[in-house]
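Colleague: I would like a close look at one part of this protein. Please pick the place where two helices meet and walk me through the surroundings.

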Amino acid sequence: MLTLRRGLAASRALRRFSTKPHLIPPANLSEGEKLIYDKLTDKFLPTELAVQDISGGCGDFYAIKIASEAFKGLSTLNQHRLVTRVLKEEIEGIHGLQVKTIPPSSES
């Protein structure tokens, strides 16, 4: 019985640390928002991601909020550089980009 309990505890711990978060994109994303959302999801496996066209719908200015383990130990500037590198092609065709990155909590 004791061995079974240890096995279950180890199994739960393994599951907790080995699963990757899978975000489901909101259904109401525009084509541009979806493209950015998909690229950022593929690259950073974010735990939180919001992409919003804040230009009034014309696709010229986007606001992004992203939380990812990829930002751990990086300065805010370097976190933003990572995001803008991934979106280099998209940035060429827009007028503005507002980026908020969130590194993992220091409590973990």
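Modeller: What follows starts with the whole chain, then turns to the helix pair and its neighbours. Keep in mind that this is a predicted model.

The overall layout comes first. The protein has 4 helices and 3 strands. Read from the N terminus, the order is α-α-β-β-α-α-β. The protein has 108 residues, and 26% of them count as buried. Take the contacts between residues at least 6 apart in sequence: 51% of these join residues at least 24 apart.

Now the helix pair. Two packed helices are described by the angle between their axes and the distance between the axes. Here the partners are α2, residues 31-44, and α3, residues 76-86. Their axes come within 10 Å and cross at roughly 120°. Angles of 65 to 115 degrees count as roughly perpendicular and those over 145 as roughly antiparallel. The α2 and α3 helices are therefore oblique to each other. Their crossing is right-handed.

Which residues in α2 and α3 meet? From α2 come Lys-39, Leu-40, Lys-43 and Phe-44. From α3 come Leu-82, Val-83 and Val-86. By type, the residues of this contact divide into 5 nonpolar and 2 charged, with no polar ones.

Phe-44 deserves a second look. Besides meeting α3, Phe-44 takes part in an aromatic pair with Phe-71. The structure holds 1 such pair. The ring centres of Phe-44 and Phe-71 are 5.4 Å apart, and the planes stand at 45°. That makes the pair tilted. Phe-44 sits in helix α2, while Phe-71 sits in the loop between β2 and α3, so the pair ties together parts that are 27 residues apart in sequence. Are these two rings buried or exposed? Phe-44 is buried, at 6% relative accessible area. Phe-71 is buried too, at 0%.

The loop between β2 (61-67) and α3 also holds Ser-68. Ser-68 has a relative accessible area of 4%, so this residue is buried. What does Ser-68 touch, leaving aside residues up to four places away in sequence? Phe-44 is one of its contacts. Leu-45, Pro-46 and Thr-47 are also touched by Ser-68. So are Ile-102, Pro-103 and Pro-104.

Put together, Phe-44 links several parts of this picture. Phe-44 belongs to the contact of α2 with α3. Phe-44 pairs with Phe-71. Phe-44 also touches Ser-68.

Key. Residues are numbered from 1 along each chain as its sequence is written. This is a predicted model: local features need pLDDT of at least 70, side-chain atom pairs count only at pLDDT 80 or more; totals for chains, interfaces and linings use all residues. Side-chain values use heavy atoms; hydrogens and water are left out. Axes are lines fitted to C-alpha atoms, for helices over the stretch in contact, and angles run from 0 to 180 degrees between N-to-C directions. Helices (H or I, at least four residues) and strands (E, at least two) are DSSP runs, numbered from the N terminus. Angles under 35 degrees count as roughly parallel, over 145 as roughly antiparallel, 65 to 115 as roughly perpendicular and the rest as oblique. A crossing is left-handed if the near helix is turned anticlockwise from the far one by less than a right angle, and right-handed if clockwise. Contact means heavy atoms within 4.5 Å. Ala, Val, Leu, Ile, Met, Phe, Trp, Tyr, Cys and Pro count as nonpolar, Asp, Glu, Lys and Arg as charged, and the others, Gly among them, as polar. Buried means under 20% relative accessible area, exposed over 50%, partly exposed in between (1.4 Å probe, protein chains only). Rings of Phe, Tyr and Trp (its six-membered ring) pair if their centres lie within 6.5 Å; planes under 30 degrees apart count as stacked, over 60 as edge-to-face and the rest as tilted.
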